[in-house]
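Here are some friendly notes to read alongside the structure. Keep the 3D view open and turn it as you go through the points.

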Amino acid sequence: MRRVFAILAVLSALLTLSAARVISKEANEDPTKAALVKIAGEGLVESHAFEYLTQLSDDVGARVTGSPQSRKAVEWSLGKMRAIGLENVRAEKFQIWRGWTRGTAQAEVTDPIHRRLNVDAMGWTGSTPAAGAEGELIAANVFNLDQESKDPAKFTGKIILMVVKGEPKKDQDGLLIFAQFGEFVKLAAKNGAVAIFGGQGGFKSEGMNLTHTGILGFSADFNIPVLSLTTEDQSQLERFLDSGKKVHVGLNVHNTFSDGPVESANAVGEIRGREHPEEILVVGAHLDSWDLSEGATDNGMGSVSVLSAAEAILRSGQRPRRTIRFVLFNGEEQGLLGSYAYVKQHQSEMPNHLGDLVLDEGQGPVKEFQLGGRYDLTGDFQEFVDSLANIRSIRVSDKVEFGTDTGPFIVAGLPGINMNQDSPEYKYTHHSAADALEEVKPDVLAQDATLMAMTAFWIADRPERFAKPWPANKTAAMLRAQHQFEFLRATGLWPFGDQGAEENNEKPPLSE
Ligand SMILES: [Zn+2]
């Protein structure tokens, strides 16, 4: 009997010891971790993300900014936000300068052979006369728009085929070409060109006979037909021209513009912070899409990730120290209009913002967090991301991504964090007729949404505030160092004047 007591005493001492060890281990650990474990469980096991994406695709469908379907999408989003239990759910209205509706687009090559071409109009571009138009095809090189623009009289009565020949000039990346192309289209229209074939800056699409629509400038419209052509048709027309053949094309294109501005709105809901509710992390994606399909990958995937991230946090019962504001932006495709409107409407609150976390890179798994120039944050962030290694191995960089709703926040000095994805199929689905629900895998979607939820909670729950806005001169110097100046100036989005030209970019060697 005594022996038994002795054994029990030893056992109980051991248990006390190990309990003490567990407690001290937990005290040393990141206290946010237990919350993240619960959020991961909700996000991965209880995900409704694919169900929401199915509803958005089938009950709403394509949702071009300013269209009736776009308004329906906002109502749908607000309903979902209320149903999952977000606070302060509301529509934040803004105006888009002009609405646009796609009509029909037909084209055929009539010489040297006769065949139908596969075309679709680019967004916010014009129409032919009602009876159609025709003309001879001439080529213009996307990499050499300065030169091509020197003799604009050559465009009169012609149809211009944009081609990509040779190498780009220094700093002539995709975004800069995008900015230069808009100017070129205006010049061609002014000089009586009939139409332009070549979509977004004339970059070839990726085959499978798909066209890819899109806008040709930030808040820009054009009174000339500009058509996206499939790779297959583009290549054939180029072969004709390269071999010196005269190419004749006929087309009939009809689109309509609204007479004036059209109302749009961002859909907004919150999880209020438990300690510093006035400090805010924005978690966002764009709700608007193009209209050749359902916009499932661009950016239904991101939109339902935002909703599902919010739902996972709410169902976990965990409330972060600071507020997480979930925003479904509109007007992204017309030039980041919704996120620019947000930053403007919340100007007085911007010093209290921690950053903006966005998912908008197609249908693939998240592969990298790009911190929008904030090299001061990469170290802590990498540690956090390393703790997610059992879900996925992810990189961290300070790269600036201006092609989505991170842009306006980056200019405001905040980390506009882009969740870059590994989406090799996006080159087919991007703005095309293939952007449908079939292209999204439910497991990848649930994982991306869960990573968004965990990242949002981690940022909002830091004991010390995650980030404060940088002063303008520091942001300007960073954007120059990241080669964003030319593009932002060309699109009229550079707000810093001469700032940042002299400053040393104090980026530590670690971050690249
Ligand atoms: Zn997008």
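What pLDDT does the protein chain average, and what share of the residues score at least 70?

1. **Confidence overall.** Please keep in mind that this is a predicted model. The average pLDDT for the protein chain is 92, and 91% of the residues score at least 70. Confidence peaks in strand β12 (residues 322-329), at 99, and is lowest in helix α1 (residues 2-28), where the mean is 46.

2. **The start of the chain.** Over residues 1-11 the pLDDT stays under 50, and the model has 0 contacts for them beyond four places in sequence. Residues 13-27 also stay under 50, again with 0 contacts beyond four places in sequence. Where pLDDT is low, the predicted coordinates should not be read in detail.

3. **One open sheet.** Look for 8 strands in the order β3-β2-β9-β5-β6-β7-β8-β4, which form an open sheet with mixed pairing. At the edges stand β3 (115-117) and β4 (119-121); each has a single partner strand, so one side of each is left without a neighbour in the sheet. From one strand to the next, the twist averages 35 degrees. To see one pairing in detail, go to β2 (residues 100-111), which pairs with β3 in the antiparallel sense over 3 bridges. There, Ala-107 stands opposite Leu-117 in β3.

4. **Helices on that sheet.** Helix α6 (residues 174-190) packs on the sheet and touches β5 (133-141), β6 (158-163), β7 (195-197) and β8 (226-229). The direction of α6 makes about 165 degrees with that of β6. Helix α7 (residues 231-242) runs at about 110 degrees to β6 and lies across β2, β3, β5, β6, β7 and β8.

5. **Another open sheet.** Here 8 strands follow the order β1-β10-β12-β11-β13-β16-β14-β15, and the pairing is mixed. The edge strands, β1 (87-96) and β15 (395-397), each pair on one side only. Ignoring direction, neighbouring strands of this sheet are turned by 25 degrees against each other on average. Within it, β11 pairs with strand β13 (residues 353-358) in the parallel sense over 5 bridges, and Leu-281 stands opposite Gly-355 in β13.

6. **Helices across these strands.** Helix α9 (residues 337-345) lies across β1, β10 (262-271), β11, β12 and β13, and runs at about 110 degrees to β1. Helix α10 (residues 378-386) lies across β14 (366-370), β15 and β16 (416-421), at about 170 degrees to β15.

7. **α8 with α4.** How do these two helices meet? The axes of α4 (residues 68-84) and α8 (residues 296-316) come within 10 Å and cross at roughly 15 degrees. The two are therefore roughly parallel to each other, and the crossing is right-handed. On the α4 side the contact residues are Trp-76, Lys-80, Met-81 and Ile-84, which meet Val-304, Leu-307, Ala-310, Glu-311 and Leu-314 in α8. Sorted by class, this contact has 7 nonpolar, no polar and 2 charged residues.

8. **α8 with α3.** Helix α3 (residues 49-60) and α8 have axes that come within 9 Å and cross at roughly 135 degrees, which makes α3 oblique to α8. This crossing is right-handed. Among the α3 residues that meet α8 are Tyr-52, Leu-53 and Leu-56, and their partners in α8 include Gly-300, Val-304 and Leu-307. The contact counts 8 nonpolar, 4 polar and 1 charged residues.

9. **α8 with α13.** For α8 and helix α13 (residues 442-460), the axes come within 8 Å and cross at roughly 55 degrees. That makes α8 oblique to α13, in a right-handed crossing. The α8 residues here include Met-301, Val-304 and Ile-313, and those of α13 include Leu-445, Met-452 and Phe-457. By class, there are 12 nonpolar, 2 polar and 1 charged residues in this contact.

10. **Glu-294, in a loop.** Which residues does Glu-294 touch, not counting those up to four places away in sequence? They are Ser-57, Gly-61, Ala-62, Arg-63, Ser-289, Asp-435, Ala-436 and Leu-437. Glu-294 itself sits in the loop between β11 (276-286) and α8. Its C-alpha atom is separated by 35 Å from that of Glu-279, and the two residues are 15 residues apart along the chain.

Note on methods
Residues are numbered from 1 along each chain as its sequence is written. This is a predicted model: local features need pLDDT of at least 70, side-chain atom pairs count only at pLDDT 80 or more; totals for chains, interfaces and linings use all residues. Side-chain values use heavy atoms; hydrogens and water are left out. Two strands pair if DSSP finds at least two bridges between them. Helices (H or I, at least four residues) and strands (E, at least two) are DSSP runs, numbered from the N terminus. Axes are lines fitted to C-alpha atoms, for helices over the stretch in contact, and angles run from 0 to 180 degrees between N-to-C directions. Contact means heavy atoms within 4.5 Å. Angles under 35 degrees count as roughly parallel, over 145 as roughly antiparallel, 65 to 115 as roughly perpendicular and the rest as oblique. A crossing is left-handed if the near helix is turned anticlockwise from the far one by less than a right angle, and right-handed if clockwise. Ala, Val, Leu, Ile, Met, Phe, Trp, Tyr, Cys and Pro count as nonpolar, Asp, Glu, Lys and Arg as charged, and the others, Gly among them, as polar. pLDDT is the predictor's confidence in each residue, from 0 to 100.
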